Amino acid sequence: MKGNMILDEKIITQAIIDRYFKKLKENLSVDVAVVGGGPSGLVCAHSLARKGFKVTLFERKLSIGGGMWGGGMMFNEIVVQEEGKRILDKFGIKSNSYQKGYYTADSIEAISTLCSKAVKSGVTIFNLITAEDLIIRENRITGLVLNWTAVEMANLHVDPLTVQSKFVVDATGHATEVVAILQKKNDIRLNTETGKIIGERSLWADAAEKDTMTNTKEVFPGLYVCGMAANATFGSYRMGPIFGGMLLSGEKVATLITEHLKEK
Ligand code: 48F
């Protein structure tokens, strides 16, 4: 290294602690808290942050990206249809026409770009944190209850911390975890036909992709679902490795929430 500066491990440690806690404190009260850093959650968070809203995304795992990295059965390519290609273009993700109406993209380029653009548009992402509960006031979601994923994995008895949020988005994919927690712990009715989570059905790409858009909506006051969580909640099909619906759903949920944030 140039010069005579001697690196001090204590300063390195202080820098990380100071900066992390500054970031955390700045995100204790936000416009939108997104749970899940898969494709739908990232597009949602990116769209809202670009409009100037304060958006925080919590991801359980070490890596952001959910189910997109692995393409289909670990073949790291994804497929999108015509409408989905518009979003890839918007993010500057290269796609290749396969045959009429079908495009492919490198899943690594796709998800790393979504993540990078989300962060650069102002989204704060906290990885390694799990949403384990919700805060409800007067029959409306007003925040999230969070804990370290490591606490969850080790099954330790450690109390969580909280963030306040005007809106919460469940972008947790197949497990639709946030809605499931809400249903399990509270005597409430969801905005579904049965008032409960209807559950995901077996694979049907075409119907699933269309339904994802219809099912992207508010499921309980203050709580929206997008991506695969939307279909799992409202009882539609899974779609497999076609990702247009995930991207478009993220965009749609951001538009819906924007309308409400403007009213507030
Ligand atoms: O599953 P995931 O990629 O959700 P998505 O955006 O996309 C689904 C597709 O990947 C694919 C598909 C369509 O092509 O069927 O499966 O709907 O990403 C969900 C993310 O949420 C995280 C999880 O680790 C994953 O990265 N997650 C789940 N539960 C929690 C969570 C939780 N309680 N707290 C924090 N993160």
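Helices (H or I, at least four residues) and strands (E, at least two) are DSSP runs numbered from the N terminus, and the expected span of a helix is 1.5 Å times one less than its number of residues. The model on screen is predicted, with local features needing pLDDT of at least 70 and side-chain atom pairs counting only at pLDDT 80 or more, while totals for chains, interfaces and linings use all residues. Residues are numbered from 1 along each chain as its sequence is written, and side-chain values use heavy atoms, with hydrogens and water left out.

Begin by selecting helix H1, residues 9-26: at 1.5 Å a residue its 18 residues should span 26 Å, and the end C-alpha atoms are 26 Å apart, which agrees. At the start of H1, add Asp8, a side-chain oxygen of which reaches to within 2.8 Å of the backbone nitrogen of Lys10.

Next, show the ligand together with the residues near it (those with a heavy atom within 4 Å). Of the 27 residues around the ligand, those that come nearest are Ser40, Glu59, Gly67, Glu177 and Met228. Three atom pairs are worth displaying here. A polar backbone atom of Gly67 is 2.8 Å from an oxygen atom of the ligand, a polar side-chain atom of His174 lies 3.1 Å from an oxygen atom of the ligand, and a polar side-chain atom of Glu177 lies 2.9 Å from a nitrogen atom of the ligand. Of the 730 Å² of accessible area that the ligand has on its own (Shrake-Rupley method, 1.4 Å probe), the protein covers 93%.

Now hide the ligand and turn to the largest pocket, a pocket being an open set of points on a 1 Å grid over the protein atoms alone, where a 1.4 Å probe fits, with protein on both sides within 12 Å along at least five of seven lines, and with lining residues having an atom within 4 Å of a point. About 690 Å³ of space lies in this largest pocket. Of its 31 lining residues, Gly66, Gly67, Thr172, Gly173 and His174 are the closest to the centre. Strand S7 (129-137) is among the elements that each supply at least two lining residues, as are helix H2 (39-50) and strand S2 (55-59), and the largest share, three residues, comes from S7.

Finally, select the second largest pocket, with a volume of about 250 Å³. Its lining includes Gln81, Tyr102, Asp206 and Leu248, and the largest share of that lining, five residues, comes from H7.

Notes: Polar contact = N/O pair within 3.5 Å; in protein donor to acceptor, adjacent residues only side chain to side chain. Points joined across faces, edges and corners; volume = space filled by probe spheres on them.
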